[in-house]
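Here is a short tour of one protein chain, with a stop at its aromatic rings, its helix packing and its cysteines. Have the structure open and follow along.

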Amino acid sequence: KKHIGFIDEEKKRIIVASPWNYGREYTLLHEIGHAVWKYKLDSESKEKWKTILGRVRSKNKKDLAQDDEEIFCMCYAQHYAKNKLCKYDHEELNDFVSSVS
């Protein structure tokens with residue numbers, strides 16, 4: 001109930017729950033974001049993300065209340081989605097996602 005999708009690494013599948021408030025495109029990109037977080041970002045990149053997110057979060061606490069990885073995945077989906085969500089449209093966060101993709 002708390003997830004919009006998940007990655008089944010054993011079966012090599014991405015499962016898309018597609019709840020009413022997130023489309024399938026956004027959900028799939030969000031789950032791909034988890035793979036980017038896990039396999040592409042090193043410790044230094046994650047620390048850089050946390051620093052940037054901390055600055056942006058201080059002005060947007062309500063919209064960015066989830067943990068660092070979840071916000072990264074939402075911003076990853078935001079960056080690549082055709083149908084974007086205003087809630088995760090933050091220039092600094094989008095710039096970071098663009099730099100690691």
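## Before we start

A residue counts as buried when its relative accessible area is under 20%. By that cut-off, Phe-72 and Phe-96 are both buried, and we will meet the two of them again below.

Keep in mind that this is a predicted model. The chain has a mean pLDDT of 87, with 93% of its residues at 70 or more. Among the elements, helix H2 (residues 43-57) has the highest mean pLDDT, at 95, and strand E1 (residues 5-8) the lowest, at 80.

## Aromatic rings

Let's begin with the rings. A pair of aromatic rings is described by the distance of the centres and the angle of the planes. Searching the whole structure turns up six aromatic pairs. In one of them, Trp-37 and Phe-72, the ring centres are 5.5 Å apart and the planes stand at 50 degrees, so this pair is tilted. Because Trp-37 belongs to helix H1 (residues 24-39) and Phe-72 to helix H3 (residues 68-80), the pair ties together parts that are 35 residues apart in sequence. Trp-37 and Phe-72 are both buried.

Phe-72 also pairs with Phe-96: here the centres are 6.4 Å apart and the planes are at 80 degrees, so the pair is edge-to-face. This pair, too, links distant parts of the chain, with Phe-72 in helix H3 and Phe-96 in helix H4 (residues 91-100), 24 residues apart. Stepping back, one aromatic cluster is formed by Trp-37, Trp-49, Phe-72, Tyr-76, Tyr-80 and Phe-96.

## How the helices pack

Now for the helices around those rings. At what angle do H3 and H4 pack? The angle is about 80 degrees, and the axes are 9 Å apart; the two helices are therefore roughly perpendicular to each other. On the H3 side, the residues in contact include Phe-72, Cys-75, Tyr-76 and His-79. Among those they meet on the H4 side are Leu-93, Phe-96, Val-97 and Val-100.

H3 has a contact with H2 as well. The axes of H2 and H3 cross at roughly 85 degrees and come within 11 Å, so these helices are also roughly perpendicular to each other. From H2, the residues Trp-49, Lys-50, Leu-53 and Arg-57 meet Asp-68, Ile-71, Phe-72 and Cys-75 of H3. Phe-72 and Cys-75 thus appear in the contacts of H3 with H2 and in those of H3 with H4.

## Cysteines without a bond

A disulfide is a covalent bond between the sulfur atoms of two cysteines. A search of the whole structure finds zero of them. Why is Cys-73 not bonded to Cys-75? The sulfur of Cys-75 is the closest cysteine sulfur to that of Cys-73, but at 9.3 Å it is too far for a bond. Likewise, Cys-75 is in no disulfide, and its nearest cysteine sulfur is that of Cys-73.

Are these two cysteines buried or exposed? Cys-73 counts as buried because its relative accessibility is 0%, and Cys-75 is buried with a relative accessible area of 0%.

## A backbone detail

One last stop, away from the helices. Lys-12 sits in the loop between E1 and strand E2 (13-16). Its phi is near 55 degrees, a positive value in a residue other than glycine. With a relative accessible area of 75%, Lys-12 is exposed.

Key. Residues numbered from 1 in each chain as written. Predicted model: local features only at pLDDT ≥ 70, side-chain atom pairs only at ≥ 80, totals over all residues. Heavy atoms only, no water. Phe/Tyr/Trp six-rings, centres within 6.5 Å; stacked < 30°, edge-to-face > 60°. Helix = DSSP H or I, 4+ residues; strand = E, 2+ residues; numbered from the N terminus. Buried < 20%, exposed > 50% of the residue type's maximum accessible area, 1.4 Å probe, protein only. Disulfide = S-S within 2.5 Å. pLDDT = per-residue confidence, 0-100. Axes fitted to C-alpha atoms, helices over the stretch in contact; angles between N-to-C directions. Parallel < 35°, antiparallel > 145°, perpendicular 65-115°, else oblique. Contact = heavy atoms within 4.5 Å.
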